[in-house]
Amino acid sequence: QVQLVESGGGLVQAGGSLSISCAASGSIFSMNTMGWYRQAPGKQRELVATITRNKSTNYADSVKGRFTISRDNAKNTVYLQMNSLKPEDTAVYYCVAAPSYYAKRPEDFGSWGQGTQVTVSS
């Protein structure tokens, strides 16, 4: 019901910034919460940030103060502005969407994008 397409990934120097985007299409009911997961080789998936339709946000402790999630409901687009990037931020970043306003677990998100690679060099 929801298709998610990420863009904007790339190679960034440590301390630099990068913005990635997610274009969504489909059922508006399934987009009450949108967010970003990330996964690096050998590591578990980590929920980076979420944002609800009414713009309430949550962040992982590992990115708090450095990343900002935002959304444009009219454009069905979610953004992740990443500042002060660290090598440990290197991962594939996945856009996700859920019908619940309290979505947090991977199973809560019914829609996943294909992912975009973010690599931070030291």
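Two strands pair if DSSP finds at least two bridges between them. Strands themselves are DSSP runs (E, at least two residues), numbered from the N terminus. The model is predicted: local features need pLDDT of at least 70, side-chain atom pairs count only at pLDDT 80 or more, and totals for chains, interfaces and linings use all residues. Residues are numbered from 1 along each chain as its sequence is written, and side-chain values use heavy atoms, with hydrogens and water left out.

**Exercise 1. The sheet**

Task: State in what order the 4 strands of the open sheet run, and which are the edge strands.

Solution:
- Step 1. The order is 1-3-8-7, with antiparallel pairing.
- Step 2. Strand 1 (2–7) and strand 7 (67–72) are the edges, since each pairs on one side only.
- Step 3. From one strand to the next, the twist averages 15 degrees. Axes here are lines fitted to C-alpha atoms, and angles run from 0 to 180 degrees between N-to-C directions.
- Step 4. Take one pair: strand 1 and strand 3 are antiparallel over 6 bridges. Ser-7 has Ser-21 in strand 3 as its bridge partner.

**Exercise 2. The disulfide**

Task: Find which cysteines form the disulfide, and work out what parts the pair ties together.

Solution:
- Step 1. A disulfide is a covalent bond between the sulfur atoms of two cysteines. The cut-off used is a pair of sulfur atoms within 2.5 Å.
- Step 2. The structure holds 1 disulfide. Cys-22 and Cys-95 form this link, with their sulfur atoms 2.0 Å apart.
- Step 3. The angle about the S-S bond is -80 degrees, and the link is left-handed.
- Step 4. Cys-22 sits in strand 3 (residues 18–26) and Cys-95 in strand 9 (residues 91–98), so the pair ties together parts 73 residues apart in sequence.
- Step 5. Check burial (buried is under 20% relative accessible area, exposed over 50%, partly exposed in between; 1.4 Å probe, protein chains only). Cys-22 is at 0%, so it counts as buried. Cys-95 is also at 0% and buried.

**Exercise 3. The largest pocket**

Task: Give the space in the largest pocket, then say which strand gives the largest share of its lining.

Solution:
- Step 1. A pocket is an open set of points on a 1 Å grid over the protein atoms alone, where a 1.4 Å probe fits, with protein on both sides within 12 Å along at least five of seven lines; lining residues have an atom within 4 Å of a point.
- Step 2. The space is about 230 Å³. Of the 14 lining residues, Leu-47, Thr-50, Asn-58, Ala-103 and Lys-104 are the closest to the centre.
- Step 3. Strand 5 (46–52) and strand 6 (57–59) each give two or more lining residues. Strand 5 has the largest share, 5 residues.

Note on methods
Grid points are joined across faces, edges and corners, and a volume is the space filled by probe spheres set on the points.
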